Amino acid sequence: MSERPHILVASPTFPEVLDKLRQHFDVEPNLSDDAWTGEAFTSRLPGKVGAFLTGAQTVNAEVLAHAPDLKMVANMAVGYNNLEIPALEQAGVVASNTPDVLTETTADFGFALLMATARRVTEAEHYLRAGHWGKWSYDLLLGSEVHGSTLGIIGMGRIGQGIARRGVHGFGMSLIYHNRSQLDAATESELKAHYAPTKEEVLRQADHVVLVLPYTPAAYHLIGAAEIALMKPTATLINIARGGIVDDKALAQALQAGTIAAAGLDVFEGEPAFAKELLECNNVVLTPHIASATRTTRLKMAHLAADNLIAFFTTGQALTPVTT
Ligand code: DGY
């Protein structure tokens, strides 16, 4: 029988990352196409000291009751709202996430969604593919300006700052942001950033609002009908943070009523399910949680999750532990 620590890889991952893990661990890999969740996940936890996870697996007190041997979970994501950190702490289980390696790629995508939304790119493509393009017209698919407009960011961590740099330095945008804490003076000056003490101020002033804050229960439906009503009728709203932060049904109503011009969503409450009302709106760009999805970045994320497991079981310290 193997003496090596026994770990679970609960979601499918890159073969080279599995090979790396196999050099250090006795691995139960998920070689199917689907993440193990629910019973398929918990039934495999007994006997495992470590687990390689993605956002698909929830780890809470109930799940931990099935995992008496678990010492560490490595989440292949920067967000870790799928992990109930107090329950993990109470059970003495260390958690790690994958910060930094996805910052720029995710900021690229946030900006891509902003551009596609403001300039109606997917709507225009559908229009063309559907055979509606009969003539050039001065008012065909008019969008809103990106360059020189006001960018609003709610949640100014690493990814928020990446989007801010793109907007301010690349597109000459003015920046207003709201965050738990104000940026230091040097960063504010580099980004020519105006700090808003409330999210409402950002919503009122910005032409394009990007949500990049971490999910906590307090962030549930942070942006609902009342908040959307504060925005300019020409404004766009982008969510690359987490589903549940926006009340998507209220957003769909606002998009249909013209309360705001358009929205871009990469994340959804209850994903992969989502509010079907959104499908009725032409003025929303919908993508399936792919902000970090380049091969290079996803590979870096998977390696970092694996390296966290290896570091923890060889030195006792994870490389990028979740700290609260
Ligand atoms: C993250 O890293 O948190 C991304 O949303 C992928 O889940």
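This briefing describes a five-stranded sheet, an annotated domain and several backbone features. The structure is a predicted model. Five strands make up an open, parallel sheet in the order 2-1-3-4-5. According to an unreviewed UniProt entry, residues 8–322 carry the feature "domain: D-isomer specific 2-hydroxyacid dehydrogenase catalytic". Outside the sheet, attention falls on a cis peptide bond from E271 to P272, and on positive phi values at D100 and K192.

**The sheet**

- The strand order is 2-1-3-4-5, and the pairing is parallel.
- Strand 2 (26–28) and strand 5 (94–96) are the edge strands; each has a single partner strand, so one side of each lacks a neighbour in the sheet.
- From one strand to the next, the twist averages 20°.
- Three bridges join strand 1 (residues 6–9) to strand 2 in the parallel sense.
- Within this pairing, I7 has V27 of strand 2 as its bridge partner.

**Helix packing on the sheet**

- Helix 12 (residues 295–315) packs on the sheet and touches strand 1, strand 3 (50–53), strand 4 (72–75) and strand 5.
- The direction of helix 12 makes about 160° with that of strand 4.

**The annotated domain**

- The domain feature at residues 8–322 comes from the UniProt record, where the entry is unreviewed.
- Over residues 8–322, helix accounts for 35% of the chain and strand for 14%.
- The end C-alpha atoms of residues 8–322 lie 19 Å apart.

**The cis peptide bond**

- The peptide bond leading from E271 to P272 is cis, and its omega is near 10°.
- P272 is placed in the loop that runs between strand 11 (262–265) and strand 12 (284–286).

**Positive phi at D100**

- D100 is not a glycine, yet its phi is positive, at about 70°.
- The residue D100 belongs to the loop between strand 5 and helix 5 (103–118).
- D100 counts as exposed because it has 11 C-beta neighbours inside 10 Å, and a residue with 12 or fewer is classed as exposed.

**Positive phi at K192**

- K192, a residue other than glycine, has a positive phi near 45°.
- The loop between helix 8 (185–190) and strand 8 (193–195) contains K192.
- K192 is exposed, since 12 other C-beta atoms lie within 10 Å, and the exposed class covers 12 or fewer.

Conventions: Residues are numbered from 1 along each chain as its sequence is written. This is a predicted model: local features need pLDDT of at least 70, side-chain atom pairs count only at pLDDT 80 or more; totals for chains, interfaces and linings use all residues. Two strands pair if DSSP finds at least two bridges between them. Helices (H or I, at least four residues) and strands (E, at least two) are DSSP runs, numbered from the N terminus. Axes are lines fitted to C-alpha atoms, for helices over the stretch in contact, and angles run from 0 to 180 degrees between N-to-C directions. Two residues are in contact if their C-beta atoms, placed from the backbone, lie within 7 Å. UniProt positions are given in the numbering used here, feature names are shortened, and annotations may be inferred rather than shown by experiment. A residue is buried if 20 or more other C-beta atoms lie within 10 Å of its own, exposed if 12 or fewer, and partly exposed in between; C-beta atoms are placed from the backbone.
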